[in-house]
Amino acid sequence: LGLTPAAGVALVEAAYATALGAIPNGAAKLQSISIGQAAAAAILALRRNDSANAPFLDFSYVPGPNPGDFQFIPGYPPFAAATGWGDVTPFVLVSSAQYRPKRPYDLTSKKYAADFNEVKSLGGVTSTTRTAEQQEIALFWVEGSPQGWNRIARTVSAARGIDLWSNARLFGLLNLASADAYIADFENKYFFEFWRPVTAIPAADSDGNPDTPADTAWDSLLPSPPGPDHPSGHSGQGGAMSEVLARFFGDEATFSTTATTLPGVTREFASFSEAAQENANSRIFIGFHFRHATIEGLKLGGKIGKVASNHYLGPAR
């Protein structure tokens, strides 16, 4: 309850009372409640000054003046999201800057032009080249990553018959990696401060690259998030959480999953890495990111997932 908004306290209390009511009274129940309360108090004390209480919307942010600099996203008030999230104390990383992705491509490079024209073609709201499946992928994976990847974990865990203790470790690792992927992503986003396709494509006449024709009317399939492009946080989440799942179960796992953002649609995969790659690709099909941002996001997330799995929540020694 220490982290629950006031409006939600009653709901949490009611759910907690219902859960406790299903457990027979006795010494084991009382001891377990005491242990849980002590653990919660220790965690709240540990994270009390972790910088996570900074305002999420930064109205004081001033975009850079040059082509390639992150600019405010059209359709939003003039703010940047989560400018201070990279200062949050990580859970498994030594530092949020521990793994620095490769920098965005130079605006005048052929690689930038290739990424530019790909997302311009496939990610626009009026795209005529995006296939029906690519549009499905875009809308399927737009759901928040923690929701989607925890659902995948629950599905595979149930199919494998994983016991309670192993599940506790699995979901602990999964969400430690998820949290650090967000922290590291925003640290890197505001280190590079690179513009998103939604502002880059209309302003392409200023980028000095003859192979990036501007389209002043271009917009992404859905409204682009109000933060810098590089690296892709969604791809980083997929990289981190799929890496934990792959190291727990083995990468080759056949499963199907659903999404709240596209009800009635089920997608099937033969591995966690396949799902993570499709998740990354979705950010191009929806027009949110250049491909380089998705590639570097996947790599960053994979490194975080590896650290979490290799060094945390292991057997007591």
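Here a colleague asks a modeller how the words used for this predicted model are justified.

Colleague: Before we start, what kind of model is this?

Modeller: It is a predicted model, where local features need pLDDT of at least 70 and side-chain atom pairs count only at pLDDT 80 or more, while totals for chains, interfaces and linings use all residues. Residues are numbered from 1 along each chain as its sequence is written, and side-chain values use heavy atoms, with hydrogens and water left out.

Colleague: Let's begin with N188. Why is N188 called buried?

Modeller: Buried means under 20% relative accessible area, exposed means over 50%, and partly exposed is in between (1.4 Å probe, protein chains only). N188 has 0% relative accessibility, so N188 counts as buried. You will find N188 in helix 6, residues 164-192; helices are DSSP runs of H or I with at least four residues, numbered from the N terminus.

Colleague: What makes the pair N188 and R100 a polar contact?

Modeller: A polar contact is a pair of N or O atoms within 3.5 Å; within protein, one must be able to donate a hydrogen and the other to accept it, and residues adjacent in sequence count only if both atoms are side-chain atoms. The side chains of N188 and R100 are joined at 2.6 Å. A polar atom of the N188 side chain also lies 2.8 Å from the backbone oxygen of A184.

Colleague: Which residues further along the chain does N188 contact?

Modeller: Contact means heavy atoms within 4.5 Å. Leaving aside neighbours within four places in sequence, the partners of N188 include S96, Y99, H230 and P231. The peptide bond from H230 to P231 is cis, with omega near 0 degrees.

Colleague: On to helix pairs. Why are helix 4 and helix 9 called roughly perpendicular?

Modeller: Angles run from 0 to 180 degrees between N-to-C directions, and axes are lines fitted to C-alpha atoms, for helices over the stretch in contact. Under 35 degrees counts as roughly parallel, over 145 as roughly antiparallel, 65 to 115 as roughly perpendicular and the rest as oblique. Helix 4 (residues 132-140) and helix 9 (residues 272-285) pack at about 105 degrees, with their axes 8 Å apart. They are therefore roughly perpendicular to each other. Q134, I137 and A138 of helix 4 meet E278, S282 and F285 of helix 9.

Colleague: How do you know that S282 is buried?

Modeller: S282 has a relative accessible area of 1%, so S282 is buried. Not counting residues up to four places away in sequence, S282 touches I137, A138, W141 and H234.

Colleague: What makes helix 5 roughly antiparallel to helix 9?

Modeller: Helix 5 (residues 145-160) and helix 9 pack at about 160 degrees, with their axes 13 Å apart. That makes helix 5 roughly antiparallel to helix 9. W149, I152 and V156 of helix 5 meet F272, A275, A276 and N279 of helix 9.

Colleague: One loop residue, please. Why is I201 called buried?

Modeller: I201 has a relative accessible area of 0%, so I201 is buried. I201 lies in the loop between helix 7 (197-200) and helix 8 (233-249). The C-alpha atoms of I201 and F116 are separated by 7.5 Å, although these residues are 85 residues apart along the chain.

Colleague: And why is E193 called partly exposed?

Modeller: E193 has a relative accessible area of 29%, so E193 is partly exposed. E193 lies in the loop between helix 6 and helix 7. Phi of E193 is near 50 degrees, a positive value in a residue other than glycine.

Methods
Helices (H or I, at least four residues) and strands (E, at least two) are DSSP runs, numbered from the N terminus.
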